[in-house]
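Here are my notes on the model, set out as numbered points. They deal with the ligand site and then with the disulfide.

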Amino acid sequence: MRIIEAANYKEMSVKAAQLVIEKVRSSDCMTLGLATGGTPKGLYEELILDHRMNGTSYQCVTTFNLDEYIGLSKDDPNSYYQYMYTNFFSHIDIPLKNTHIPSGQAVDVQAECKRYDSQVKDSGGIDLQILGIGENGHIGFNEPGTSFSSGTHLVELTSSTREANARYFSSFDEVPRQAITMGISGIMKSKEILLLVSGVSKQDAMKKLFEGQVTEKFPASILNEHGNVTVIADTDALKLVKPSR
Ligand code: GLP
């Protein structure tokens with residue numbers, strides 16, 4: 001894993017944007033894997049700014065998001081569909097038909113999971129996957145204990161994840177209990193991965209990622225076995241990691 005240290009959240013976002021922009025500009029067409037949460041918001045802001053100032057085009061970019069809450073409609077302000085539309089898609093020139101997010105309202109969730117994996121495969125796979133990380137090491141919504149061989153699947157969210165995400169909802173009880181997430185094996189099939197990490201709340205997770213074992217108890221640890229991962233983390237997130245990194 002390559003580790004790039006950024007002084008703060010802004011610098012992390014700018015460095016991540018440079019990497020994504022270079023990739024988008026140097027490919028005729030490409031497939032981006034996208035994440036939600038607080039961490040990548042700054043990246044999306046930088047990409048929007050660059051699109052406006054320098055005209056980087058997303059006409060030939062296809063996107064696949066990692067996850068979606070079960071039970072929320074596309075119109076729900078807390079759905080990841082709305083997050084992506086509001087924070088990114090509506091500000092760039094990507095055709096909405098090129099954007100993919102698992103449906104949180106599928107009647108047959110198993111079929112939806114299969115359909116999503118096939119869609120990713122049919123698109124030729126993900127060229128660059130953006131990831132954030134949960135305090136407990138989850139990536140996408142792959143909670144501790146998820147099999148490393150998992151494809152897209154239904155998950156029961158842990159209460160720590162629901163608590164961490166409760167800040168976006170009016171109460172803890174409103175946070176959905178289930179989600180659909182791309183699986184660990186799907187994430188690992190991406191040709192390149194960019195993990196963004198910011199803030200003191202991720203210090204323990206960074207220590208485990210760089211100094212711990214590869215174990216299903218800490219899902220992000222599998223990234224140590226991928227050949228092309230860049231971690232851009234800010235100084236706060238890296239405080240407990242030994243300087244020898
Ligand atoms: C959420 C998302 C993840 C995200 C993580 C961290 O639950 N499903 O994709 O990486 O939690 O979120 P944040 O960036 O807000 O800390």
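How many nonpolar, polar and charged residues make up the shell around the ligand?

1. The shell has four nonpolar, eight polar and three charged residues. This count, like everything below, refers to a predicted model.

2. There are 15 residues around the ligand, and those that come nearest are Gly38, Thr39, Asp67, Arg167 and Lys202. The pocket that holds the ligand is the largest one.

3. Polar side-chain atoms approach oxygen atoms of the ligand from three of these residues. For threonine 39 the distance is 2.4 Å. For lysine 202, an N or O atom of the side chain is 2.7 Å from a ligand oxygen, and for arginine 167 a polar side-chain atom lies 2.8 Å from one. The ligand taken alone exposes 390 Å², of which the protein buries 94%.

4. Searching the whole structure gives one disulfide. Its partners are cysteine 29 and cysteine 60, with their sulfur atoms 1.6 Å apart. The cut-off for calling a disulfide is a sulfur pair within 2.5 Å. The angle about the S-S bond is 65°, and the link between cysteine 29 and cysteine 60 is right-handed.

5. What does this disulfide tie together? Cysteine 29 is in the loop between helix H1 (9–26) and strand E2 (30–34), while cysteine 60 is in the loop between helix H2 (41–54) and strand E3 (61–65), so the pair joins parts that lie 31 residues apart in sequence.

Technical notes. Residues are numbered from 1 along each chain as its sequence is written. This is a predicted model: local features need pLDDT of at least 70, side-chain atom pairs count only at pLDDT 80 or more; totals for chains, interfaces and linings use all residues. Side-chain values use heavy atoms; hydrogens and water are left out. A residue is near a molecule or strand if one of its heavy atoms lies within 4 Å of it. A polar contact is a pair of N or O atoms within 3.5 Å; within protein, one must be able to donate a hydrogen and the other to accept it, and residues adjacent in sequence count only if both atoms are side-chain atoms. Accessible areas come from the Shrake-Rupley method with a 1.4 Å probe; for residues, only the protein chains shown count as cover. On a 1 Å grid over the protein atoms alone, a cavity is a set of points where a 1.4 Å probe fits but cannot get out, and a pocket is an open set with protein on both sides within 12 Å along at least five of seven lines; lining residues have an atom within 4 Å of a point. A molecule sits in a cavity or pocket if more than half of its atoms lie within 2 Å of its grid points. Ala, Val, Leu, Ile, Met, Phe, Trp, Tyr, Cys and Pro count as nonpolar, Asp, Glu, Lys and Arg as charged, and the others, Gly among them, as polar. Helices (H or I, at least four residues) and strands (E, at least two) are DSSP runs, numbered from the N terminus.
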